[in-house]
Amino acid sequence: MGKFEIKTDKGGKFRFNLKASNGQVILSSQGYSSKASCENGIESVRTNSQNDDHFERLAAIDGSPYFNLKASNGQVIGTREMYSGNSAMENGIASVKTNAPKAEVEDNS
């Protein structure tokens, strides 16, 4: 089973990573000013990851695919950068959909 890990960055902001059961990061958040906001972001990922329309599939300048997960208001709540190809990106999206709803939260902040 996957897990959300909350941490504090060098600037004092709270961030989370969603990790698959193998420990690989499959989604990363923005920085939040409070832990409560970070926890709300995790709940938003749990909800919005179940709607495929909330995954924005993009390509970097070099053509490498990546995705953002957006809330219903259009705000980016998580991102995963640079995959080797579209099928790898789709596998990453599928992993977020599978892991996010029941992932436990580990607070390392």
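Asn 48 is a buried residue, its relative accessible area being just 8%; that puts it below the 20% under which a residue counts as buried. Bear in mind that what you're looking at is a predicted model. Asn 48 belongs to helix H1, which covers residues 35-48. So what does the side chain of Asn 48 pair up with in a polar contact? The partner is the side chain of His 54, at 2.8 Å. Set aside everything up to four places away in sequence, and Asn 48 still touches His 54, along with Leu 69, Lys 70, Ala 71, Ser 72 and Ile 77.

Now hop over to another asparagine, Asn 99. Is Asn 99 buried or exposed? Buried, with a relative accessibility of 12%, which again falls under the 20% limit. Asn 99 sits in helix H2, made up of residues 86-99. Here the polar partner is a backbone atom: the nitrogen of Gly 2 is 3.1 Å from a polar atom of the Asn 99 side chain. Once neighbours within four places in sequence are left out, the contacts of Asn 99 are Met 1, Gly 2, Ala 20, Ser 21 and Ile 26.

Time to step back and take in the whole chain. The protein has 2 helices and 7 strands, and reading along the sequence gives you β-β-β-α-β-β-β-α-β. Its radius of gyration is 13 Å, close to the 13 Å that the globule rule gives for 109 residues, so the protein is as compact as a globular protein of that length. If you'd like a box to put around the C-alpha atoms, try roughly 35 × 30 × 25 Å along the principal axes. Of the 109 residues, 40% count as buried. How much of the contact map joins residues at least 24 apart? Taking contacts between residues at least 6 apart in sequence, the share is 47%.

As for the outside, the accessible surface of the protein is about 5900 Å², and carbon and sulfur atoms account for 45% of that. On the charge side, there are 13 positive and 13 negative side chains, with the centres of the two sets 3 Å apart.

One of the acidic residues, Asp 107, is worth a stop. Asp 107 is in strand E7, residues 104-107, and it counts as partly exposed because its relative accessibility is 38%, a value between the 20% and 50% limits. Which side chains does the side chain of Asp 107 meet in polar contacts? One is Lys 35, at 2.6 Å, and another is Ser 109, also listed at 2.6 Å. Leaving out neighbours within four places in sequence, Asp 107 is in contact with Ile 6 and Lys 35. For a sense of distance, try Phe 67: Asp 107 and Phe 67 are 40 residues apart in sequence, and their C-alpha atoms are 25 Å apart in space.

Last stop, Met 82. You'll find Met 82 in the loop between strand E6 (76-80) and H2. Its relative accessible area is 43%, so Met 82 is partly exposed. What about the backbone? Most residues other than glycine have a negative phi. Met 82, though, has a phi near 50°, a positive value in a residue other than glycine.

Definitions and conventions:
Residues are numbered from 1 along each chain as its sequence is written. This is a predicted model: local features need pLDDT of at least 70, side-chain atom pairs count only at pLDDT 80 or more; totals for chains, interfaces and linings use all residues. Side-chain values use heavy atoms; hydrogens and water are left out. Helices (H or I, at least four residues) and strands (E, at least two) are DSSP runs, numbered from the N terminus. The radius of gyration is taken over C-alpha atoms; the globule rule is 2.2 Å times the number of residues to the power 0.38. Buried means under 20% relative accessible area, exposed over 50%, partly exposed in between (1.4 Å probe, protein chains only). Contact means heavy atoms within 4.5 Å. Accessible areas come from the Shrake-Rupley method with a 1.4 Å probe; for residues, only the protein chains shown count as cover. Lys and Arg count as positive and Asp and Glu as negative; His and the chain ends are not counted. The place of a charge is taken as NZ of Lys, CZ of Arg, CG of Asp or CD of Glu. A polar contact is a pair of N or O atoms within 3.5 Å; within protein, one must be able to donate a hydrogen and the other to accept it, and residues adjacent in sequence count only if both atoms are side-chain atoms.
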